[in-house]
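These are notes for a colleague who has not looked at this structure before. Please read them beside the sequence and the model.

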Amino acid sequence: MVVPVINEMGEHFAHIYKTADWHPADHISFHSNVKKCLYETSPRSAIKGADSEMFQTVIVCGPPELKQTLWPDHCIQGSFGAEFHQDLKTFPNEVRVNKGMKCCVDSYSGFWDNGDTAHTPLFNMLLDKGVTDVVVCGIATDFCVGFTALDSARHGFRTVVVNEAIRGVMPDTSAGMVARCKAAGVEFTSSASIPDLVKEKDVSDTVNRIFKVKKHFTVIDVNANQQYTPPVN
């Protein structure tokens, strides 16, 4: 379970940003909506909306035309599923950052939607606080965690993902995302290194290979109450 690890780590950070899906009921990521053809699939999509199954990937017309994984209805605005896990600590210095509020485009990253057409306030929040280093944790490795880490690195933040504080939907896509993040300069470390990391101590060659550890850190937590059931191979 990632929640106890996140709770323990959270005590060490000056700034905590919890990103969360906040979807309208007609959101494009819901299989139920694509199945009933609320959104048109592209002629290039091998799977058409009416023929789609849960967890498959289609190409939606947009704009912009994008690949879309089809999920159960989840994190609907104002519902129990949009709340954070009941055991996740509430910290006095935390800020919630909602994402995925536009019905026609998904948003895995805490920074941008999947088409890079609109951004959340997260980037400006980090700049306002003088944040230079971002620590990412939560669910899911192959989607929200991974894309948040990639965007964090893309925006110039030194970005670290905590191994024990993430979980993926599927092993193969999680491994692929980890490789993609590492290629983009994202670092992976253990939760045991976090106290020293925050205190600006050198903890390992891996953690310090790109930038000198700096003063401001944030935890980005993408862990909501909604439970995803991966497909059975």
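1. Cis bonds in one loop. The model is a predicted one. Pro63 sits in the loop that runs between strand 2 (57-60) and strand 3 (66-69). The peptide bond joining Gly62 to Pro63 is cis, with omega about 10 degrees. The bond joining Pro63 to Pro64 is also cis, and here omega is about -5 degrees. Pro64 likewise belongs to the loop between strand 2 and strand 3. As background, most peptide bonds are trans.

2. Positive phi values. Cys37 is not glycine, yet its phi is positive, near 65 degrees. Cys37 is placed in the loop between helix 2 (31-35) and strand 2. Asp116, again a residue other than glycine, has a positive phi near 55 degrees. Asp116 is in the loop that links strand 4 (94-99) and helix 3 (122-128). With a relative accessibility of 39%, Asp116 counts as partly exposed, because that value falls between the 20% and 50% limits. For comparison, most residues other than glycine have a negative phi.

3. The chain as a whole. The protein chain contains seven helices and eight strands. Of its 233 residues, 48% are buried. Among contacts in the chain with a separation of 6 or more, 69% are between residues 24 or more positions apart. The chain exposes about 10,900 Å², and 55% of this comes from carbon and sulfur atoms.

4. Helix 4. How many of the 14 residues of helix 4 are buried? Eleven are, so helix 4 (residues 141-154) is largely enclosed by the rest of the structure. The buried residues include Phe143, Val145, Ala149 and Leu150. Polar residues are buried in helix 4 too, among them Thr141, Asp142, Thr148, Asp151 and Ser152. Gly156 follows helix 4 and has a positive phi, near 95 degrees.

5. The largest nonpolar core. This core has 19 residues, and those touching the most other members are Ile6, Met9, Phe13, Val135, Val162, Ala165 and Ile194. At least two residues of the core come from each of helix 1 (3-10), strand 1 (15-21), strand 5 (133-139), strand 6 (158-167) and helix 6 (194-198). Helix 1 supplies the largest share, four residues. In general, nonpolar side chains of soluble globular proteins tend to be buried together.

6. Ala165 and a separate core. Which residues does Ala165 touch, leaving out those up to four places away in sequence? They are Val2, Val5, Ile6, Met9, Cys137 and Gly138. Apart from the largest core there is another, of 18 residues, including Val131, Val136, Ile166 and Phe188.

7. Lys18. This residue is part of strand 1. Is Lys18 buried or exposed? Its relative accessibility is 3%, so Lys18 counts as buried, the limit being under 20%. What does the side chain of Lys18 reach? The partner is the backbone oxygen of Lys89, at 2.6 Å.

Terms used: Residues are numbered from 1 along each chain as its sequence is written. This is a predicted model: local features need pLDDT of at least 70, side-chain atom pairs count only at pLDDT 80 or more; totals for chains, interfaces and linings use all residues. Side-chain values use heavy atoms; hydrogens and water are left out. Buried means under 20% relative accessible area, exposed over 50%, partly exposed in between (1.4 Å probe, protein chains only). Contact means heavy atoms within 4.5 Å. Accessible areas come from the Shrake-Rupley method with a 1.4 Å probe; for residues, only the protein chains shown count as cover. A nonpolar core is a set of buried Ala, Val, Leu, Ile, Met, Phe, Trp, Tyr and Cys residues joined through side-chain atoms within 4.5 Å. A polar contact is a pair of N or O atoms within 3.5 Å; within protein, one must be able to donate a hydrogen and the other to accept it, and residues adjacent in sequence count only if both atoms are side-chain atoms.
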